[in-house]
Amino acid sequence: MKSTVICSILIIVAAVGGVLGYFGLHRDSDGGFTLHTQTSFRPDVVVMGTELEGMYLAQRAKQEGLGVLILETKGRLGGQLIQGEMLYLDGTYDDDGDQLMQGGMKELFQQYTKGSVRTKTDFAHYFHRIIEGIPLEKNVVLEDVSMSGNKVDSLTYLDGNGKRRIVKPSYFVDNSDDAAFIRKLNVEPLPGLEALYGSKEREYMSGTYMMKFKGVDWDKFQTHYWKMNKVERAHKYGPESYVNSHIAYGFPPVVSAYELRNKQDLNLRGLNILNQGNGEIIINALQVYGIDPSQKETIQRGMALAKAEMPFIRDHLRNHMVGFEQLEIGGEPNELYIREFNHYPTEYVLQASDLMSGRMFWDNVSIGGYFMDIQGSRSNREGLAIGRPDKYGIPLRSYLLHDYDNVVTTGKLVGATAVAYGSARIQPNGAMAGETIGVLMGQMNGRSLKSTSSEEIKRLHERMEHKYQIKLDDRITAKNKIAHLSEGEKAELNSGRITLLKGNRIAHHLPFIRVSVEGQAITYNGIKPIVINGIPWVPLSQTFEKIGLGDATYDEENKRILYTFKGKSGTIESADVQILNNFVLVSWAKLAEVLGYSWEWNTAGDEVLVRRL
């Protein structure tokens with residue numbers, strides 16, 4: 001009996017070895033498999049780039065019986081997750097607080113919240129489990145593509161050893177952060193952030209240098225935070241800030257108090273902090289402007305500028321955050337975290353109104369969530385918070401490149417306007433789509449995904465639910481948060497000119513509003529004034545500080561503002577405020593009435609002119 005078992009094991013090992021020999025694979029130092037140069041392997045799917053979303057696609061396509069090849073133009077794997085160390089994961093939830101994440105990303109998030117996946121090493125182990133057994137080439141150079149009508153027939157590239165290779169898969173997937181494959185097709189991009197702000201040059205959301213520190217007393221930090229009452233916490237750290245045993249976020253007053261050494265190229269935004277244990281943390285907050293991932297020199301320059309700023313940020317956090325007194329720099333990431341590159345025309349381009357109306361599509365491949373968060377750029381350092389959808393569908397068509405029959409996008413390259421992209425870009429949204437599209441490729445057996453029928457989508461949805469526990473049916477319902485908007489207001493939403501606040505309020509944030517007191521311009525940090533019903537609204541605490549060397553606190557429970565102004569204390573009862581991006585905003589008309597100012601709204605110049613009575 002024992003000899004039979006041993007014989008069987010040897011046969012299995014020989015079979016596996018034969019497969020690996022046929023595919024020409026060997027395990028590399030990254031823990032994955034690299035394609036050997038002497039192979040005749042002909043893949044069904046070629047995935048360019050190793051961002052997490054596309055790795056889920058590769059995994060599912062392989063599980064569905066397809067041959068998959070991963071090509072990475074860089075020397076390291078894992079993109080924003082592993083090399084950019086963007087380890088502070090964003091979860092997706094609906095208005096009721098129910099989790100929207102499904103599939104692989106749900107599994108990862110569960111491990112993350114339990115604390116079993118927290119460090120770069122933890123994430124790397126998870127990443128390599130996804131791509132286990134899939135042929136992979138690093139340091140490739142994409143040379144040329146050949147076309148037949150609207151179909152890409154083949155890709156010619158140089159492998160890591162400089163050998164020229166040609167692949168002819170059924171599907172090409174661009175999963176890079178710089179559209180490495182799509183750029184070879186010379187596709188004209190859609191308008192980006194420059195269209196919102198009227199800038200002459202192409203503009204992207206900032207990249208981020210993930211700040212790594214050690215020496216934090218997290219227990220002291222957390223205990224201090226929760227010992228304060230609600231009003232104290234809101235005033236010291238912001239009304240929507242939060243701390244638990246493994247994450248913390250917010251702290252706009254701490255950030256606003258920091259003076260950047262390089263204001264032209266850098267910005268410090270709200271702190272997203274991950275407790276990695278043993279006194280080590282990583283913070284998503286240091287933004288770098290002018291990053292174009294297709295131009296390596298912009299990334300190298302950004303890394304150097306951010307690294308030079310780090311000692312000053314360390315010192316600031318030591319002085320302003322309890323438990324951070326012994327803070328030290330704990331290393332640096334290999335790359336910047338890239339949020340955005342070009343948006344390309346897909347068969348369907350998502351609009352902000354699709355998201356905010358909770359629209360579902362017959363060809364859903366993901367159920368998305370997250371507020372439309374447009375991070376800062378050169379023209380708008382503070383960024384824009386457009387509105388928070390309940391949930392929404394993302395159609396297959398938003399991942400199929402227009403005018404090409406077999407080119408698929410993933411992750412950051414989802415077909416969305418620059419406004420809708422603020423939400424659609426979040427990893428759980430793209431990860432679910434990647435899994436679904438990988439399964440669909442197995443189902444379509446080489447046919448163009450553009451030819452998918454409604455019946456085939458129905459079968460896909462059934463398979464995703466029964467085999468992978470991912471529900472995508474277009475009968476899923478979501479709240480329509482823009483039913484009260486006129487068609488003109490919906491157009492303003494899609495163009496990014498307005499933001500939707502609680503209570504169905506509409507605020508205009510473009511064009512930008514300026515405030516001048518006695519002819520002196522006020523500069524706000526972290527957020528700009530907005531206009532609601534023709535009245536300018538301004539950040540509460542900063543306004544008191546800048547016009548009267550005072551201070552103000554919002555008492556949410558009693559709906560009142562407690563303030564000091566030019567040496568005197570006062571209270572504004574029945575205060576009407578809006579909380580946006582963790583800042584308290586208040587009507588300037590109300591402040592002017594209480595503090596004794598007159599004001600004039602210069603609509604032609606989008607300027608508030610304030611004078612002392």
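**Exercise 1. In this predicted model, determine how many bridges join strand 28 to strand 29 and how the two strands run.**

Solution. Strand 28 covers residues 560-565 and strand 29 covers residues 568-572. Five bridges join them, and they run antiparallel. One of the pairings is that of Thr564, whose bridge partner in strand 29 is Ser569. Two residues lie between the strands of this hairpin, and Lys566 takes a positive phi near 50°.

**Exercise 2. Give the strand order of the six-stranded open sheet and explain which strands stand at its edges.**

Solution. The order is 11-12-13-14-10-15, with antiparallel pairing. Strand 11 (242-243) and strand 15 (328-329) each have a single partner strand, so one side of each is left without a neighbour in the sheet. For strand 15, the connection to strand 10 (residues 207-214) consists of two bridges. Lys214 has Glu328 as its bridge partner in strand 15. Helix 10 (residues 296-320) lies across strands 10, 13, 14 and 15, at about 45° to strand 10.

**Exercise 3. Describe the largest nonpolar core and state which residues have the most contacts inside it.**

Solution. This core has 92 residues, and Met441 and Leu449 have the most contacts inside it. Helix 13 (residues 427-444) gives the most to the core, namely eight residues. Leaving aside residues up to four places away in sequence, Leu449 touches a set of residues including Tyr171, Leu396, Ile437 and Met441. A second, separate core has 37 residues, among them Val254, Val255, Ala306 and Leu327.

**Exercise 4. For the salt bridges Glu51 to Lys412, Arg318 to Asp315 and Glu607 to Arg514, find where the partners lie and whether each is buried or partly exposed.**

Solution. The whole structure holds 38 salt bridges.

- Glu51 and Lys412 have their closest N and O atoms 3.3 Å apart. Glu51 lies in the loop between strand 3 and helix 2, and Lys412 in the loop between strand 20 and helix 12, so the pair ties together parts 361 residues apart in sequence. Under 20% counts as buried; Glu51 is buried at 6%, and Lys412 is buried at 8%.
- Arg318 and Asp315 meet at 3.5 Å, N to O. Both lie in helix 10, three residues apart, about one turn of the helix. Arg318 is partly exposed at 24%, as is Asp315 at 29%.
- Glu607 and Arg514 have their closest N and O atoms 3.7 Å apart. Glu607 lies in strand 33 and Arg514 in strand 23, so the pair ties together parts 93 residues apart in sequence. Glu607 is buried at 15%, whereas Arg514 is partly exposed at 46%.

Conventions:
Residues numbered from 1 in each chain as written. Predicted model: local features only at pLDDT ≥ 70, side-chain atom pairs only at ≥ 80, totals over all residues. Heavy atoms only, no water. Pairing = 2+ DSSP bridges. Helix = DSSP H or I, 4+ residues; strand = E, 2+ residues; numbered from the N terminus. Contact = heavy atoms within 4.5 Å. Axes fitted to C-alpha atoms, helices over the stretch in contact; angles between N-to-C directions. Core = buried A, V, L, I, M, F, W, Y, C linked by side-chain atoms within 4.5 Å. Buried < 20%, exposed > 50% of the residue type's maximum accessible area, 1.4 Å probe, protein only. Salt bridge = Lys/Arg side-chain N within 4 Å of Asp/Glu carboxyl O.
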